[in-house]
Amino acid sequence: MTGRTVSRGLFICALACVVSGCTTVQYVQLREKPPNPILERLTTTAFGGPGPSVRSRQFLTETGYSGSHDFVPMLRHCHGYIGGNHHREALHATAEISYLASQNAKSHDPPLAMDLCLDSAKFSWIAITTPDDQGRLTDPNEEFNRQTTDIYNTSLQELLRLTKESGDYRLGHSICMPVSGRVLNVEIPFPTEWLTPEQLGEFDFVSNYELLNLRNRHTTEGVGVPIMVRRQRPKVPGDLEIYYADGLSLPLTIVAKFEPGSCLEAHDENIRLQLLDPRETDGIVVDNTLLPLETDLSTPLAWYLTDPKKKLLETFAFFRSDKAQHLEGLYMIQPYDPERIPVLMVHGIWSSPNTWMEMFNDLQSDPVIRDKYQFWFYLYPTGEPLTFSTANLRDRLKEMRVRCDPFGQNEKLDQTVVVGHSMGGLMAYLMTVDSEDKLWKAMSNLPVDKIQADPETHEQIRRVFFFEADRSIDRIVTIASPFRGSGYSNVFTRWLGGSLVSLPNVTSALSDLIFRQNNQSAWDRMFAPRTSLDSLNKDSAVLRLVNQTTAPDNVQHHNIVGVKRTWFTRNSTDGVVKVKSARRDDVDTEVVIRASHSGVQRHPETIAEVRRVLMQHLEDVRHRTYPVIPVEHSGSPSTIRSVQSAQLTP
């Protein structure tokens with residue numbers, strides 16, 4: 001092994017440790033055995049197996065049961081008290097014993113076990129939805145009622161497990177009970193853009209998985225079975241399909257609803273198996289009462305993130321920026337909603353959108369944030385120079401605006417918030433300013449019209465070095481951003497980075513053209529800026545522009561600074577960026593978080609600050625008035641559309 005190879009290897013390892021904003025991790029792992037909230041309440045029979053709980057045994061005793069320990073005579077006895085003075089307890093005991101009988105039959109008679117699970121779900125549902133003496137439904141999460149709710153949720157989940165194991169069952173199709181012939185008709189009572197039968201793919205139960213490497217598991221207690229579903233692309237894709245990543249997972253809760261009084265019928269006429277998106281639905285309505293759903297928003301997200309294909313994304317997109325160009329773009333992990341304000345999250349160098357998942361996991365759990373905002377993520381080859389990456393982001397946002405809002409009439413899109421970490425924060429800032437000719441003059445001694453090149457190259461020069469602020473961006477949050485550069489961008493790392501990073505041909509050719517026509521010496525051209533590491537040098541042209549400008553008055557700028565120590569000075573650092581580089585005097589707010597560079601965007605205090613900013617943003621836009629742009633109605637409809645587009649499209 002040569003010394004050069006060793007030095008490259010050391011460089012890669014060192015840079016990965018200090019610069020990476022996100023390491024590839026596993027977010028979920030299969031449990032050896034899913035949790036079962038019923039088991040801990042059960043007793044042991046004379047034969048050593050699980051028997052009825054103390055509560056059900058007390059009901060059997062009080063009602064004079066003196067039969068055997070077999071489940072069949074117990075069920076007959078319990079049935080006889082449904083509708084009488086012990087109605088609710090009879091329902092609870094019947095549901096519990098039906099579940100026990102299903103577990104006893106599962107190994108030797110799975111079809112019978114399925115029917116018994118359905119019985120258990122039915123009787124527990126009727127118990128949950130039976131009004132009290134005042135004619136009101138009780139809280140299914142109240143301690144006493146929760147025992148019945150657990151039976152309902154567990155038996156319904158067991159029924160779905162047996163159905164899935166019985167053959168090639170596809171979610172969304174009706175389920176026919178193999179013994180009784182009863183049918184569970186599947187409904188989607190509140191369909192969304194993604195929640196349609198065509199897009200329901202592989203599914204699994206959240207209880208099968210243990211959450212890893214996400215700090216919080218956001219769940220709610222209630223009725224139903226939380227599952228996660230892989231989204232299948234529709235056969236006829238819409239205009240926004242290009243923004244939806246492959247393999248996205250949907251959090252759903254499945255609820256089985258039974259008709260009132262069906263507990264007394266041998267065959268249920270109408271059993272509805274409803275699929276509900278907990279991000280869009282607060283609960284399920286029964287007798288004008290909203291029953292809360294059992295939900296889990298975190299595990300489906302982690303299930304999606306745990307993908308072997310994502311393992312080398314950060315490193316690949318840094319060193320092989322030329323091969324990663326096809327990955328560049330804006331991504332949504334929720335369907336586009338014109339009624340929600342976009343929050344665009346931009347990762348830093350040697351990173352990917354995965355770096356935001358801790359923050360996204362916590363923010364989406366807030367019902368107000370979830371109701372008012374939609375989250376977008378920008379993925380880009382982080383080896384490219386900052387100016388090129390920002391130009392690409394600017395283009396992607398314009399393209400998305402045309403697809404989402406071709407006439408520029410959606411005010412929500414003009415309230416966009418951009419959150420950026422490290423180099424992503426610099427990109428967020430650059431999206432808010434006009435470059436004029438400052439950037440070009442810092443790059444070249446020649447006027448742009450003196451550059452000898454074809455029209456396409458001149459267009460590239462203007463796209464990258466001459467730009468205007470994106471007027472749709474209303475507020476930015478920058479996190480651990482090196483406004484005055486980073487010490488890790490030095491002569492050695494820049495040279496070695498230039499040797500290792502493969503850039504797209506267009507980027508390399510344009511850079512070489514500028515250096516060559518400026519008559520730079522061979523020595524200067526060897527150390528000329530080429531990659532993102534060059535952009536982070538304190539003397540780079542783009543950072544000079546950053547420090548010669550300020551965000552316009554109509555754009556709010558919130559800054560978050562990381563520092564590793566419990567005390568700090570201007571020379572303190574987060575491990576990559578010094579405090580004096582990360583701070584700015586012209587921001588609207590600035591907070592200091594005790595965290596490392598690679599961890600500050602995941603820190604609870606950072607997430608709390610971003611949430612505060614988003615809540616403040618809602619308050620500000622609520623009191624804002626927008627000018628009404630009159631539309632000239634004379635002329636043809638096509639003329640009117642072109643006038644609107646010219647006036648309103650950014």
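**Exercise 1. Find the acidic partner of R272 and place the pair in the fold.**

Step 1. R272 pairs with E259 in a salt bridge, 3.7 Å from N to O. A salt bridge here is a side-chain nitrogen of Lys or Arg within 4 Å of a carboxyl oxygen of Asp or Glu.
Step 2. E259 sits in the loop between strand 10 (249-258) and strand 11 (271-276), and R272 in strand 11, so the bridge ties together parts 13 residues apart in sequence. Helices (H or I, at least four residues) and strands (E, at least two) are DSSP runs, numbered from the N terminus.
Step 3. E259 is partly exposed, at 31% relative accessible area. Buried means under 20%, exposed over 50%, partly exposed in between (1.4 Å probe, protein chains only).

The model is predicted: local features need pLDDT of at least 70 and side-chain atom pairs 80 or more, while totals for chains, interfaces and linings use all residues. Numbering starts from 1 along each chain as its sequence is written, and side-chain values use heavy atoms, without hydrogens and water.

**Exercise 2. Analyse the salt bridge between D362 and R215.**

Step 1. The closest N and O atoms are 4.0 Å apart.
Step 2. D362 belongs to helix 9 (residues 357-364). R215 lies in the loop between strand 7 (209-211) and strand 8 (219-220). The partners are 147 residues apart.
Step 3. D362 is buried at 13%, whereas R215 is partly exposed at 39%.

**Exercise 3. Classify the accessibility of K372 and D371.**

Step 1. Their side chains meet in a salt bridge, 3.9 Å from N to O.
Step 2. K372 is partly exposed at 40%. D371 is also partly exposed, at 43%.
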